[in-house]
Amino acid sequence: MATKTLHDLFLNELKDIYNAEMQLTRALPKMAHAATNPELKQGFERHLKETKGHVERLDGVFESLDASSRGQTCEAMEGLLAEAQELTELGLEPDALDAALIAAAQKVEHYEIATYGTICTWAKAMKHDEALTLLLETLAEEKATDETLTKLAKTTVNTTAARHAHPRAA
């Protein structure tokens, strides 16, 4: 068996994040449906559109590398999305459910930020300039989504959920 290179690892991680994004396009509508906070619901719907754009960009990355996007299952995303599904089945009151959905979404975003950050670094090192441009655009969107979720949690959702949590929390 031939020794694998950084380029092989790069393609492996690209296939992994491609599958992760595809899984997310199926999960975000469910998360939007479960959310009760209108801003959160809209945020999930907006991120679904962005995520579809991420898939299209990744298609462009694969095309620029003359490679296929197929053949990989992202087990990490499967786990994160299964955990998000479990949260929706806990019987939480609506405000606590919104807080849980934000937490689950941020875990997903942090995974994506870590992955895109890594593959951007590799693309730059290997001088895959076209791929790098596309990947950096997605990385910026993932970071912006994480910041939006943090702001929504801190300014609205967590405080509202905390009022119902315990008499001393009010």
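**Exercise 1. Is C74 buried or exposed in this predicted model, and how many disulfides are there?**

*Solution.*
Step 1. The relative accessibility of C74 is 0%, and C74 therefore counts as buried.
Step 2. C120 is likewise assigned from its relative accessible area of 6%: this cysteine is buried, because buried means under 20%.
Step 3. A disulfide requires two cysteine sulfur atoms within 2.5 Å. By this rule the count is 0 disulfides.
Step 4. C74 takes part in no disulfide, and the nearest cysteine sulfur, that of C120, is 16 Å away.
Step 5. Seen from C120, the closest cysteine sulfur is in C74; the sulfurs are 16 Å apart and therefore too far for a bond.

**Exercise 2. Determine whether the end-to-end span of helix α4 agrees with the expected value, and describe what flanks this helix.**

*Solution.*
Step 1. Helix α4 covers residues 94-125, which is 32 residues.
Step 2. At 1.5 Å a residue the helix should span 46 Å; the end C-alpha atoms are 46 Å apart, so the two values agree.
Step 3. At the N-terminal end, E93 caps α4, with a side-chain oxygen 3.1 Å from the backbone nitrogen of D95.
Step 4. Just after α4, K127 adopts a positive phi of about 60 degrees.

**Exercise 3. Compare the span of helix α5 with its expected span, and locate the kink in this helix.**

*Solution.*
Step 1. Helix α5 comprises 37 residues, 129-165.
Step 2. From first C-alpha to last, α5 reaches 50 Å, close to the 54 Å expected at 1.5 Å a residue.
Step 3. The kink in α5 is centred on A153 and amounts to about 55 degrees.

Definitions and conventions. Residues numbered from 1 in each chain as written. Predicted model: local features only at pLDDT ≥ 70, side-chain atom pairs only at ≥ 80, totals over all residues. Heavy atoms only, no water. Buried < 20%, exposed > 50% of the residue type's maximum accessible area, 1.4 Å probe, protein only. Helix = DSSP H or I, 4+ residues; strand = E, 2+ residues; numbered from the N terminus. Expected span 1.5 Å × (residues − 1). Bend = angle between axes of the 7 residues up to and from the residue. Polar contact = N/O pair within 3.5 Å; in protein donor to acceptor, adjacent residues only side chain to side chain.
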